[in-house]
Amino acid sequence: MEVIILDNQEQVSQFAANYVASRILKKPRIVLGLPTGSSPLGMYKKLIDKYQQGILDFSEVITFNLDEYVGIVPGHSQSYNSYMYKNFFNFVNIKPHNINIPDGLVADFDNYCKKYEQYIEDCGGIDLQILGIGRTGHIGFNEPSSSLGSRTRIKTLTESTRQDNARFFNSIDEVPHHVITMGIGSILDSKECMLIAFGEHKAESIAAMVEGCISSMLPASALQFHPSIKVVIDSAAASKLKNKEYYKFVYDNKPAWQYV
Ligand code: GLP
């Protein structure tokens, strides 16, 4: 794991946007895995800026979103489908047929989830999977006890995740209990991962993910298996890492040949 500790949220968003941009410039037909939540909002804004400045072209980019609530229509103000259009897709030249967001309303979930996985594979697999992390240590909506080999499927949210996400709904009663999410195994198949987080409330899950035991009780810890993952965090989210000085030294002294 490459742990990159920056001063604040703004720097994390800037780093993430620059990194995604560099990957798109290198491979215009890149397959991106995308997250929702508040963590990637700054990154999306900066990617939009780069598009508007003529630095980036999304016309070949293919995207797969990590997750979606079950039982709410795509146009619902709090669906992840709406989030993606409101915060990103409406402002760049991505082609609608290259956008893939799990459908939380299908009749045959088993079949649909298999097809979602198959289509990722048909597109050549995810080149760069971007992730946030939830307070329970979840990635996507893989809550504690998720199998570390899991694939896209239906999950039930924990009460703490429902409470965290209730801020976007009128009341907690409106937060769905069920979600469709790419699995831990699906995420680990990506060629490269970048997880972004900031704020003290993320410090515990970040420390457990980076320095704790690998366990399905902290699903993000499975990322320790990933051969190419960047964990980009601010100093508040890094505050509970035992080896933070070492990670800073490694990053500050990264030899030129390590940049790919
Ligand atoms: C939700 C999403 C996750 C996201 C998490 C953290 O549960 N399904 O993909 O990482 O929230 O959200 P935030 O970035 O708002 O802290």
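Colleague: What makes a residue count as surrounding the ligand here, and how many do?

Modeller: A residue is near the ligand if one of its heavy atoms lies within 4 Å of it. By that rule 13 residues surround the ligand, and the closest are Ser38, Ser39, Asp67, His138 and Lys202. Mind you, this is a predicted model, where local features need pLDDT of at least 70, side-chain atom pairs count only at pLDDT 80 or more, and totals for chains, interfaces and linings use all residues. Residues are numbered from 1 along each chain as its sequence is written, and side-chain values use heavy atoms, with hydrogens and water left out.

Colleague: What makes the pair between aspartate 67 and the ligand a polar contact?

Modeller: A polar contact is a pair of N or O atoms within 3.5 Å. A polar side-chain atom of aspartate 67 sits 2.8 Å from a ligand nitrogen atom, so the pair qualifies. For arginine 167, an N or O atom of the side chain is 3.1 Å from a ligand oxygen atom. Taken alone the ligand exposes 390 Å² (Shrake-Rupley method, 1.4 Å probe), and the protein buries 94% of that.

Colleague: Which residues of α4 are called buried, and why?

Modeller: Phe109, Cys113, Tyr116, Glu117 and Ile120 are, because buried means under 20% relative accessible area (exposed is over 50%, partly exposed in between; 1.4 Å probe, protein chains only). They cover an arc of only 90° around the axis (taken from the directions from the helix axis to the C-beta atoms), which puts them on the same side of α4.

Colleague: And what does the face turned away carry?

Modeller: That face of α4 has the exposed residues Asp110, Lys114, Lys115, Glu121 and Asp122.

Technical notes:
Helix = DSSP H or I, 4+ residues; strand = E, 2+ residues; numbered from the N terminus. Polar contact = N/O pair within 3.5 Å; in protein donor to acceptor, adjacent residues only side chain to side chain.
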